[in-house]
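Colleague: I have a model open in front of me and would like to learn how to read it. Could you take me through some of its features?

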Amino acid sequence: MSLTRRNVLVGFFPLAGLAACASPNPALYTLAGVPGEARAGGARLVELRQIGLPEYLDRPGIVRSAQNYQLQLAQDDRWAAPLGSMLTRVLVEDLSQRLPGSTVYSVTGAISAPPDRIVEVDLQRFDADQGGDVVLAAVVAVRSPQGKAGVVARPVRIPVRPKSPSTAARAAALSAAVGELADTIAD
């Protein structure tokens, strides 16, 4: 065997080993809007501020749970887009459906108009608890653009039981939790 051919083969085997160890393409998941009851009498223009997201959730991998000081990620399952922007998009969609007389827009979007109401969400949890429920925990504030006058702020904790332990079922349950958050804000 010639030296050149031997060098090619020696260089090939480590690369072949790397290809065999590479993981398959990850499955991508998204959140989706969930229909809810329409309410009358909402503000004409509602601005949703950028959602505050804890850093442990600000990652491509889907956090299954954060229990006993340990973070568990779904193996080979990823969010299709940054979680904060997906949450904002879905919450705007859900609020728009629940407040048909209102125009709901995100401060991170292309629309810039003086709002009649501002909605702020500080997400604190968006994963599974020890019992298997997915939990959305947040502090929500609805206020007028003038400042403190008329501020309504409160903590919200929404548990939803997924239909199965699959990542798709968990994404559906998280979407349902965002829908319930929209119900709370619309009320």
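Modeller: Gladly. One term first: two residues are in contact when they have heavy atoms within 4.5 Å. Keep in mind as well that this is a predicted model.

Colleague: With that term in hand, which residues is Glu47 in contact with, leaving aside its neighbours within four places in sequence?

Modeller: Glu47 is in contact with Tyr105, Val107, Ala113, Pro115, Arg117, Ile118 and Val119. You will find Glu47 in strand β2, residues 45-48.

Colleague: Is Glu47 buried or exposed?

Modeller: The general idea is that a residue counts as buried under 20% relative accessible area. Glu47 has a relative accessible area of 9%, so it is buried. Its side chain also makes a polar contact of 2.6 Å with the side chain of Arg49.

Colleague: How does Asp127 read by the same approach?

Modeller: Asp127 lies in strand β6. Its relative accessible area is 1%, so Asp127 is buried. Two polar contacts involve its side chain: one with the side chain of Tyr56 at 2.6 Å, and one with the side chain of Arg125, also at 2.6 Å. Beyond four places in sequence, the contacts of Asp127 include Tyr56, Val63, Arg64, Ser65 and Ala66, and Asp133, Val134 and Val135 are among them too.

Colleague: And what about a loop residue such as Gly52?

Modeller: Gly52 is in the loop between β2 and β3. Because its relative accessibility is 25%, Gly52 counts as partly exposed. Not counting residues up to four places away, Gly52 touches Val121, Asp122 and Leu123. Gly52 and Ala138 are 86 residues apart in sequence, yet their C-alpha atoms are 9.1 Å apart in space.

Colleague: How should I read the strands and their pairing?

Modeller: Here is an idea to start from: in a regular strand, side chains alternate between the two faces of the sheet. In this model, β3 (residues 61-67) and β4 pair in the antiparallel sense over 5 bridges, and Ala66 stands opposite Leu71 in β4. The two strands form a hairpin with 2 residues between them, and Asn68 in the turn has a positive phi of about 50 degrees. Strand β4, residues 70-79, also runs parallel to β1, residues 27-29, with 3 bridges joining them. There, Leu28 stands opposite Arg78.

Colleague: How many helices and strands does the protein have?

Modeller: There are 3 helices and 8 strands, in the order α-β-β-β-β-α-β-β-β-β-α along the sequence. Among contacts between residues at least 6 apart in sequence, 67% join residues at least 24 apart. Of the 187 residues, 38% count as buried.

Colleague: Last topic: how do I read a pocket?

Modeller: Rolling a probe the size of a water molecule over the atoms shows where empty space is left. Here, about 360 Å³ of space lies in the largest pocket. Of its 18 lining residues, the closest to the centre are Val142, Thr184, Ile185, Ala186 and Asp187.

Colleague: Which element gives the largest share of that lining?

Modeller: That is α3, with 3 residues. At least two lining residues each come from β6 (117-128), β7 (134-143), β8 (152-160) and α3 (167-186). By class, the lining has 11 nonpolar, 3 polar and 4 charged residues.

Technical notes
Residues are numbered from 1 along each chain as its sequence is written. This is a predicted model: local features need pLDDT of at least 70, side-chain atom pairs count only at pLDDT 80 or more; totals for chains, interfaces and linings use all residues. Side-chain values use heavy atoms; hydrogens and water are left out. On a 1 Å grid over the protein atoms alone, a cavity is a set of points where a 1.4 Å probe fits but cannot get out, and a pocket is an open set with protein on both sides within 12 Å along at least five of seven lines; lining residues have an atom within 4 Å of a point. Grid points are joined across faces, edges and corners, and a volume is the space filled by probe spheres set on the points. Helices (H or I, at least four residues) and strands (E, at least two) are DSSP runs, numbered from the N terminus. Ala, Val, Leu, Ile, Met, Phe, Trp, Tyr, Cys and Pro count as nonpolar, Asp, Glu, Lys and Arg as charged, and the others, Gly among them, as polar. Two strands pair if DSSP finds at least two bridges between them. Buried means under 20% relative accessible area, exposed over 50%, partly exposed in between (1.4 Å probe, protein chains only). A polar contact is a pair of N or O atoms within 3.5 Å; within protein, one must be able to donate a hydrogen and the other to accept it, and residues adjacent in sequence count only if both atoms are side-chain atoms.
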